[in-house]
Amino acid sequence: MSQDLSQLRHAFHRTPELGFQEHQTKARVAAHLRDLGLEVHEGVGVIGILRAGTVNRTIGLRADMDALPIHEIAGLDYASETPGVMHACGHDGHMTMLLGAAETLAQDPSFDGTVVFLFQPNEEHGLGAQAMINEGVLERFPIEEVYAIHNLPGAPVGQVSTRSGLICSSESLFELTITGQGGHASMPQAGVDAITVGAELVQALQTIVARKLAPGAGAVVSVTEFLTDGQRNVLPGHATLKGDARAHSPQDRAEIEHHMRRIAAGIATAHDVQIDVSFATEFVETINAPGPTEAVVNAAQAQGLDTIPNRDPMSFSEDFAHFTAAVPGCFLLLGNGTEGRNGQPLHSADYDFNDALLPIGANLWAQLVRDRLPQRQD
């Protein structure tokens with residue numbers, strides 16, 4: 001099975017597609033599920049249904065499908081054939097592991113219940129899970145527990161790590177627009193240039209984490225863009241700061257927004273300019289439920305995998321949070337390796353998913369299903 005899984009993963013890798021554009025990817029997933037004899041539903045994502053026995057118990061397993069707008073430089077013989085787009089986060093591997101589990105379970109459906117295989121679009125922008133929920137996936141298929149795997153470069157191959165409670169941060173995108181008075185670079189006293197105000201804002205925003213939140217809160221406020229309408233001898237009258245804020249709790253997230261607006265208002269008053277603030281949460285915090293988390297740890301240990309049951313929360317964000325907000329679930333990390341392309345950070349142009357993980361992840365999924373659903377008595 002592992003060789004076939006590698007070939008399937010490489011096919012996904014060659015044809016990456018961005019969020020909500022996963023047309024070829026969805027078609028390949030749906031065809032594979034149908035070949036396995038599963039019931040298939042296509043909408044914004046792809047849903048495979050595997051029923052066995054008569055027990056009315058249902059669990060969901062999720063994989064993400066979208067790629068990133070990154071030009072691949074890893075030099076693989078199965079490299080992306082789409083210019084400027086690549087699977088730099090391992091979603092090609094996530095899909096393949098889940099399809100491998102579907103094959104294993106379809107060939108030996110010794111469990112009693114229903115498995116819902118969720119192939120989700122547009123994870124990278126935090127939109128795909130909610131789109132599937134809005135489409136009614138949880139009403140049509142009454143999932144009682146939901147699970148997701150994400151590979152983790154820098155961790156040993158096959159090492160499982162997770163935790164009960166917060167596992168991934170929220171992500172909020174902010175934008176501060178400064179409207180001042182531009183003018184000639186030789187006469188700065190005649191106006192209020194937006195660069196000076198913006199520079200003060202950049203520095204002041206760093207005090208939110210350093211002085212407004214508790215030490216160890218795990219929050220991050222990063223200004224990632226500074227845009228102006230200035231020229232070589234023109235002081236800008238307008239500037240826009242864009243950035244990213246991460247938080248470990250809804251309370252800290254609200255505090256960040258509150259202090260950001262207060263700082264902007266104070267600086268605007270001090271310089272007699274207008275500063276407009278937008279703060280939009282793209283990803284909420286991902287919260288693992290105790291029961292499903294314990295189930296993941298037990299399944300990993302039953303597979304003989306090195307297991308960390310109470311890892312530190314991750315600073316990155318995960319669209320799977322929308323599922324765990326609606327249904328008890330667990331998000332787990334699976335070590336991708338420490339060397340070469342497999343050890344490169346997620347979203348790197350020279351990263352690659354580790355094919356050695358494919359049977360490990362597929363078998364872990366199958367173990368989890370058989371642990372969580374009763375065994376058939378026929």
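Two strands count as paired if DSSP finds at least two bridges between them, and the strands themselves are DSSP runs of E at least two residues long, just as helices are runs of H or I of at least four, all numbered from the N terminus. The structure looked at here is a predicted model, in which local features need pLDDT of at least 70, side-chain atom pairs count only at pLDDT 80 or more, and totals for chains, interfaces and linings use all residues. Residues are numbered from 1 along each chain as its sequence is written, and side-chain values use heavy atoms, with hydrogens and water left out.

A good place to start is the sheet built around β8. Its four strands run in the order β10-β12-β8-β13, and the sheet is open, with antiparallel pairing. Because β10 (220-228) and β13 sit at the edges with a single partner strand each, one side of each has no neighbour in the sheet. From one strand to the next, the twist averages 15° (angles here run from 0 to 180 degrees between N-to-C directions, and axes are lines fitted to C-alpha atoms, for helices over the stretch in contact).

Inside this sheet, β8 (residues 170-179) is joined to β12 (residues 238-247) by ten antiparallel bridges, and Ser172 has Ala245 of β12 as its bridge partner. On pairing with β13 (residues 274-283), β8 makes nine bridges, again antiparallel. Thr177 shows both pairings nicely: opposite this residue stand Asp276 in β13 and Thr240 in β12.

Two helices go with this sheet. Helix α6 packs on the sheet and touches β8, β10, β12 and β13, its direction making about 175° with that of β10. Helix α7 lies across β8, β10, β12 and β13 too, running at about 165° to β13. Touching, or contact, means heavy atoms within 4.5 Å.

The two helices also pack on each other. Two packed helices are described by the angle between their axes and the distance between the axes. For α6 (residues 194-212) and α7 (residues 250-271), the angle is about 145° and the axes are 10 Å apart. Their crossing is right-handed, meaning that the near helix is turned clockwise from the far one by less than a right angle. On the α6 side, the contact includes Val197, Leu201, Ala204 and Ile208, while α7 brings in Ile256, Met260, Ile263 and Ile267, among others. Sorted by type, the residues of this contact come to ten nonpolar, three polar and two charged; here Ala, Val, Leu, Ile, Met, Phe, Trp, Tyr, Cys and Pro count as nonpolar, Asp, Glu, Lys and Arg as charged, and the others, Gly among them, as polar.

Next comes the other open sheet, with eight strands in the order β1-β2-β4-β3-β5-β16-β6-β15 and mixed pairing. Its edge strands are β1 (39-42) and β15 (307-308), each of them paired on one side only. Helix α8 (residues 290-302) packs on this sheet, touching β5 (145-153), β6 (160-161), β15 and β16 (329-337), and its direction makes about 35° with that of β16. Elsewhere in the sheet, β3 (residues 58-64) and β4 (residues 113-120) run parallel and are joined by seven bridges, with Asp64 standing opposite Gln120 of β4.

As for the interior, a nonpolar core is a set of buried Ala, Val, Leu, Ile, Met, Phe, Trp, Tyr and Cys residues joined through side-chain atoms within 4.5 Å. Buried means under 20% relative accessible area, exposed over 50% and partly exposed in between (1.4 Å probe, protein chains only). The largest core has 47 residues, of which Val29, Leu33, Leu61, Phe117 and Phe119 touch the most other members. Beyond its neighbours within four places in sequence, Phe117 is in contact with residues including Leu38, Val46, Leu61, Leu98 and Leu105. A second, separate core holds 27 residues, among them Ala194, Ala204, Ala219 and Leu241.

A few single residues round off the picture. Most residues other than glycine have a negative phi. Asn122, in the loop between β4 and α4 (128-134), has a positive phi near 45° and is buried, at 3% relative accessible area. Asp272, in the loop between α7 and β13, has a positive phi of about 60° but is exposed, at 70%. Ile308 of strand β15 is partly exposed, at 31% relative accessibility. Its contacts, leaving aside neighbours within four places in sequence, are Gln159, Val160, Ser161 and Thr162.
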